[in-house]
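User: Hi! Could you walk me through this structure with a few questions and answers?

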Amino acid sequence: MKKRLSNFINNKNILPLLVGIASGLYPMLYYFNANYTQANSVSQLLFFSFLFIVVPVLIFSIFNYFSKKIKLLEANKFKLFVLLDIGFFGSFILISTFRFQLIYIIPLIIVALCCALFFSKHLKKIVVFQFLLVVMALVSLIPTIFKHVTYSKQWLEQPDAITKVIFKTTPNVYFIQVDGYANVDKLSKGPYGYENSSFNSYLKEAGFKNYSDYRSNYYSTLSSNSSLLAMKHHYYSNPDHSFAELSHARENIVSKNPVLEIFKNNMYKTHLLMDKYYFLLNRPTLGFDYSNIKYKDVPFRYKGLGPVRDVISDLKTVLPKDTLTSNFYFIQKLLPSHVTNSSSESVHKITEKENYLNKLQQANLWLQEIITLIDSQDKNALIIITADHGGFVGFNTTLEARIKQSDPDLIYSIYTAMLAIKWNGMPPDFDNKFKTPVNFFRILFSYLGENESYLDHLEDDSSYIMINQGAPFGVYKYIDNQGETVFEPLSN
């Protein structure tokens, strides 16, 4: 075995292949380890394989070929290989950690040159070390991939035949989700303490009913929307300590879910309009008939959420084309958002509150503009304005929410969510059941299908959190079905 390994390493014909793979494989695996839920598509795997593996192998092969033709290159072959190997390896690490900047590149060049001058005789040892890093990365990545591949969709199954519901009325449905917009009852008191009466009066005059005490079931956009569109609880799908995002969340939101299935069964055309490509980061298959953001505008490598799209302009373009069908519009606006995700010691809850309230005012203006547009184009529209979770005001950062809390105001700040609906007629007499997103569409479909039997299978309206400090790691119930704050571990 040792002899075969020695012969393999000493084979000069495969040396460019070995060094090329070694220079890029670990950084690629590191990137997937750190960003798996944002980079787990086949197209991204092909892209990163080409960039991190194929390109270095080709360049090493070219240098190897010309070294046989040019004596100067042949004499310094190993120095060039070490220079390129360290250069590629370091550059790919910087790319994987989002630090590919001039301040880091210059030291990298100096390190690569020093290695080429003093360690050229140890090229093979460097390659062996890089492959050892690959093995270490695989130890962490393989369980993640296994968890992804064996992911069960059983939780998405409905307890009744609601996916077969036939609508008796088919208005255009505009589901407008503003990120982190607190509910009317919590916005005016507690850590928010904001007087929003002017906008509330506008909504009332525009024909909206504002629902108090509405809140989310989960604390993040992906976890909340996954439950919303599945009409079921996922309880974070058995997370572990490496949890960063809910597994398969984007696929559950934009690819296939019961809500999309029901609208399509009722001959609706479905539209996804977003101001940023957050839902599309890992390039999931689109289950919506239309998206205002195309994959050509989504980078293969996550580097922020890109420029803000003008959703209202996109909606203006779509509306005149959709007069022959009933339509469902899922419209997302990442305002007013929430306090920072940063863990920096420089953040301060007072400043974060001010930033949030400034963005809340921007959200109000944007909502008025889009409501005016819809009203001018669609007199019988059913317009829903809601939020995915709260604004976390009262915390320094959103990360603090995963530390066990006992203050009810802070706990509700995580979950409090706006809900206002402009019905195309009288609201149903069971609209008092609107409490949390997990049951929202089941209640709405009971109204559109004029069949209250679907209300017999409402999910529990509790809110859940994943705690990693102040209590044993795990998923806990933070608010129960009656709206009382609790702290109960989720029983398996």
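User: Thanks! In what order do the 3 strands of the open sheet with antiparallel pairing run?

Analyst: Happy to help, and a word on the basis comes before the order. This is a predicted model, in which local features need pLDDT of at least 70 and side-chain atom pairs count only at pLDDT 80 or more, while totals for chains, interfaces and linings use all residues. Residues are numbered from 1 along each chain as its sequence is written, and side-chain values use heavy atoms, with hydrogens and water left out. The pairing in this open sheet is antiparallel, and the order is E8-E9-E10.

User: Which strands are the edge strands there, and which residue is the bridge partner of Ile479?

Analyst: Helices (H or I, at least four residues) and strands (E, at least two) are DSSP runs, numbered from the N terminus, and two strands pair if DSSP finds at least two bridges between them. Strand E8 (463-467) and strand E10 (485-489) each pair on one side only, which makes them the edge strands. Strand E9 (residues 474-479) is joined to E10 by 3 bridges. Within E10, the partner of Ile479 is Thr485.

User: Which helix lies across E8, E9 and E10, and at what angle to E9?

Analyst: Two terms help here: contact means heavy atoms within 4.5 Å, and axes are lines fitted to C-alpha atoms, for helices over the stretch in contact, with angles from 0 to 180 degrees between N-to-C directions. The helix is H15 (residues 408-415), and its angle to E9 is about 105°.

User: What is the strand order in the open sheet of 7 strands, and how many bridges join E1 to E5?

Analyst: The pairing in this sheet is mixed, with the order E2-E7-E6-E1-E5-E3-E4. Its edge strands are E2 (209-210) and E4 (290-291), each pairing on one side only. E1 and E5 run parallel, Val178 having Lys333 in E5 as its bridge partner, and the number of bridges joining E1 to E5 is 6.

User: How many residues of helix H16 are buried, and which strands are among those covering them?

Analyst: Buried means under 20% relative accessible area, exposed over 50%, and partly exposed in between (1.4 Å probe, protein chains only). By that cut-off, 9 of the 9 residues of H16 (residues 440-448) are buried, including Phe440, Arg442 and Tyr447. Helices H10 (221-230) and H12 (258-265) are part of the cover. The strands among the cover are E1 (173-178), E5 (326-333), E6 (382-386) and E7 (419-422).

User: With which residue does Arg442 form a salt bridge?

Analyst: A salt bridge is a side-chain nitrogen of Lys or Arg within 4 Å of a carboxyl oxygen of Asp or Glu, and the whole structure has 7 of them. Arg442 is buried, at 1% relative accessible area. Its closest N and O atoms in this pair are 2.7 Å apart, and the partner is Asp160. The two are 282 residues apart, with Arg442 in H16 and Asp160 in the loop between helix H7 (123-149) and E1.

User: Is Lys422 buried or exposed, and what is its salt-bridge partner?

Analyst: Lys422 has a relative accessible area of 18%, so it counts as buried. Its salt bridge has closest N and O atoms 2.9 Å apart, and the partner is Asp375. Asp375 lies in helix H14 (residues 349-377) and Lys422 in strand E7, so this pair ties together parts 47 residues apart in sequence.
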